[in-house]
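Me: I'd like to practise reading a fold with you, one feature at a time. Could we begin with strand pairing?

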Amino acid sequence: CFFFNDTATTEIYTEQIVGSVRCVQETGINAEYMGIIIFCQKMSWISKVGSNLRELRLIMCQTSSRSQGMRDFVLNNYNKVKDTNENFPFIVRECEDADPLIVARYRFGVERKAYTSNLSSAEVERIVQDFVEQADKVNKQL
């Protein structure tokens with residue numbers, strides 16, 4: 001996520017940033033520091049998406065305000081996901097007046113869906129992250 005010029009600084013920030021989010025909540029660290037933590041969490045689900053899911057499908061309208069959060073999510077994350085998981089099927093489908101929908105496919109064709117009308121990009125990302133994190137539970141039930 002980050003690099004510093006000297007080893008001591010890198011070790012201090014690595015310990016603080018990679019440590020628990022609880023530390024951040026208790027100390028009230030500023031937004032710039034929080035941004036680093038949020039970035040690290042994003043990379044965490046992005047690096048696991050290809051091994052945890054078989055496919056991630058996003059369906060949305062190209063123009064409706066209901067799909068704005070989904071469009072923003074795609075703009076912010078598509079390249080990161082494909083750079084990290086180049087063979088992973090991250091499918092984006094646009095259809096006029098479609099209700100925005102996320103479909104996560106697990107092993108044996110099991111799918112989980114979530115409608116995302118009027119959600120922000122951050123809320124859409126949280127849903128995707130939850131789908132990625134639920135993979136072990138879903139796949140063990142099969």
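Reply: Happy to, and keep in mind that this is a predicted model. For pairing, pick a residue and look across to its partner: L56 stands opposite A104 in strand 3.

Me: How many bridges join strand 1 to strand 3, and do they run parallel or antiparallel?
Reply: Five bridges join strand 1 (residues 55-60) to strand 3, and the two run antiparallel.

Me: What does strand 3 pair with on strand 4's side, and over how many bridges?
Reply: Strand 3 pairs with strand 4 (residues 111-115), again in the antiparallel sense, over five bridges. As a landmark, find R105, which stands opposite E111 in strand 4. Strands 3 and 4 form a hairpin with five residues between them. In that turn, F108 has a positive phi of about 60°.

Me: Is strand 3 mostly covered or mostly open?
Reply: To judge this, count residues with under 20% relative accessible area as buried. In strand 3 (residues 101-105), four of the five residues are buried, so the strand is mostly covered.

Me: Now the interior. What is the general idea behind a nonpolar core?
Reply: In soluble globular proteins, nonpolar side chains tend to be buried together. Here the largest nonpolar core has 25 residues, and those with the most contacts inside it are W45, L53, L56, L58, F73, I102 and Y106. Helix 3 (31-52), strand 1, helix 4, strand 3, helix 5 and helix 6 (135-140) each give two or more residues to this core. Its largest share, five residues, comes from helix 5.

Me: Which residues does L56 touch, leaving out those up to four places away in sequence?
Reply: L56 touches F88, P89, F90, I91, I102, V103, A104 and V128.

Me: How should I read the packing of helix 4 against helix 5?
Reply: Take the angle and the axis separation together. Helix 4 (residues 68-84) and helix 5 (residues 121-133) pack at about 70°, with axes 8 Å apart. Angles of 65 to 115 degrees count as roughly perpendicular, so that is how these two helices lie to each other. Helix 4 makes the contact with G69, M70, D72, F73, N76 and N77, while helix 5 uses S121, V124, E125 and V128. By class, the contact has four nonpolar, four polar and two charged residues.

Me: Is N77 buried or exposed?
Reply: N77, in helix 4, has a relative accessible area of 1% and is therefore buried. Beyond residues up to four places away in sequence, N77 touches W45, I46, F90 and E125.

Notes. Residues numbered from 1 in each chain as written. Predicted model: local features only at pLDDT ≥ 70, side-chain atom pairs only at ≥ 80, totals over all residues. Heavy atoms only, no water. Axes fitted to C-alpha atoms, helices over the stretch in contact; angles between N-to-C directions. Parallel < 35°, antiparallel > 145°, perpendicular 65-115°, else oblique. Contact = heavy atoms within 4.5 Å. Nonpolar A, V, L, I, M, F, W, Y, C, P; charged D, E, K, R; others polar. Buried < 20%, exposed > 50% of the residue type's maximum accessible area, 1.4 Å probe, protein only. Pairing = 2+ DSSP bridges. Core = buried A, V, L, I, M, F, W, Y, C linked by side-chain atoms within 4.5 Å.
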